[in-house]
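Trainee: Please take a close look at a single part of this model and describe its surroundings in one connected account.

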Amino acid sequence: MKVDVILGLQWGDEGKGKIVDKLAPHYDVIARFQGGANAGHTINIKGDTHILHLIPSGIFHEDKINIIGNGVIVDPFILNKEITELKLKDVDATKNLFISKKAHLILPTHRVLDGIYERTRGDAKVGSTLKGIGPTYTDKAARNGIRIGDIIHPSFSSQYIALKEEHLRISRMFNCNPDDLPIDGLPFRDYEARWFDAIDRMRGLHLIDSEFFINKCLGENKSVLAEGAQGTMLDVDFGTYPYVTSSNTICSGVCSGLGVAPQMIGKVYGIIKAYTTRVGSGPFPTELMDDQGDLLRVKGHEYGSTTGRPRRCGWLDLVAVRYAVMLNGVSHLIMTKADVLNGFECIKVCKHYQINDQIIDHFPYCVIHEPVIPLYDELAGWKTDISRIEKFKEVPVEFMTYLRYIESSLGIKFVMVSTGSERDQMLISGEHL
Ligand code: GDP
Ligand code: IMO
Ligand code: MG
């Protein structure tokens, strides 16, 4: 058996949660491989909305194993909150949830540092979710971090104090006292006390060597689905650096974030929204600053699942998506939020950029320093509401033209198209599933 992968090809929020939930019945194991609670993965089941930040999106299927892999960074406070909220909805997330001992811990002071660094950047701020992502991955790479496996070791308390002291020294250099920066609305000390309560609860969860666990599953012919967070254009190496997150969001992150060898990667499902959104700062060539952008935001309910911030909206950018397809080796394409384009007279798609007098097809380094002009093709919109359609053969011809146009630009076929936020609002190609 191989590990199939689901990941976003844009700047995040492509609808990964919905697709993982939809595909989960076909797998034995669902595993997150990177990121932390900066992610917000929404799943709508019979009118009930669930937003997951850390727990894999397979959790609503009772018999599935869910793994938080070594490449993820975990805030115990947020994990505990998520488990408690799921319990209120009669979902016991603890029974089938397994956490890698090698996953790093997000300390309360990591979140304080995130706030300090963002404030210091001023106008150049990244637009971080302020969940402590950057400082925690920094400590991991600097070999200062604390891992989940450490919480059951007697040295945990002294490790915590040493790292917290280090963070406080840095805070003082920025003339900042942690008490000045409340976390999730709580004064630092209250948050820290709850964080320690959550550490106690975490000791009772299944803490495992997930690399052995997953490889054993594969050896026993169990199928594994790796769930990406964020999107390719937020990858720390290949995204619009420095306006990125701090992990490898691309397919290679599955190998390092779960401990599986490259030849064990199977299908790579790449998800695109029918248009583009971005939350936070940084280049966004096809961004619409006009009524059309506002219309996409309103029709698509484009407000962040984690922070509630309005998302920036624009037309589909095939230059960026082509780049993402290359980096990830996408084998299967999925579109979400196609219904949001219902009723648009004309739909634009960017196929090239112009820089000065030059027309280019690749995503350029300089996008971070100078604006690029998106060059658009225009396609006819459709009048029919596609959110109630159940079969590909029933979709309006203009919508099919839109899909075929994208497929031929990317050289890959759509296997699923999501036409609404509910679990069952999905067109699935005949040969697939
Ligand atoms: P993720 O982070 O990639 O899982 O995506 P988010 O959950 O942050 O954002 C996607 C949003 O779009 C959520 O509110 C979903 O409920 C919603 N959604 C997903 N698929 C569709 C779709 O096909 N149509 C519509 N209208 N909404 C969708
Ligand atoms: P999902 O998994 C969209 C963005 C932030 C910010 C930048 C860095 O739901 O698609 P960080 O908190 O990592 O320091 O933020 O990345 N960002 C996301 N944008 N979806 C996400 O996750 C994101 N996670 C981080 O807005 O611009
Ligand atoms: Mg999201």
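Mentor: In sorting residues by class, Ala, Val, Leu, Ile, Met, Phe, Trp, Tyr, Cys and Pro count as nonpolar, Asp, Glu, Lys and Arg as charged, and the others, Gly among them, as polar. The model is predicted, so local features need pLDDT of at least 70 and side-chain atom pairs count only at pLDDT 80 or more, while totals for chains, interfaces and linings use all residues, and side-chain values rest on heavy atoms without hydrogens or water. Residues are numbered from 1 along each chain as its sequence is written, with chains lettered from A and ligands numbered from 1 in the order in which they are written.

The part I choose is the shell around ligand 2, which divides into eight nonpolar, ten polar and three charged residues. These 21 residues, each with a heavy atom within 4 Å of the ligand, come nearest at K16, H41, T129, Q230 and T245. Among the polar contacts (pairs of N or O atoms within 3.5 Å), a polar side-chain atom of T245 lies 2.6 Å from an oxygen atom of ligand 2, a polar side-chain atom of H41 is 2.7 Å from a ligand oxygen, and G40 brings a backbone N or O atom to 2.9 Å from an oxygen of ligand 2. On its own, ligand 2 has 550 Å² of accessible area, of which the protein covers 97%, the areas coming from the Shrake-Rupley method with a 1.4 Å probe.

The neighbouring account of ligand 1 shares some names: K16 is among the closest residues there, and a backbone N or O atom of G40 lies 2.8 Å from an oxygen atom of ligand 1.

Terms used
A polar contact is a pair of N or O atoms within 3.5 Å; within protein, one must be able to donate a hydrogen and the other to accept it, and residues adjacent in sequence count only if both atoms are side-chain atoms.
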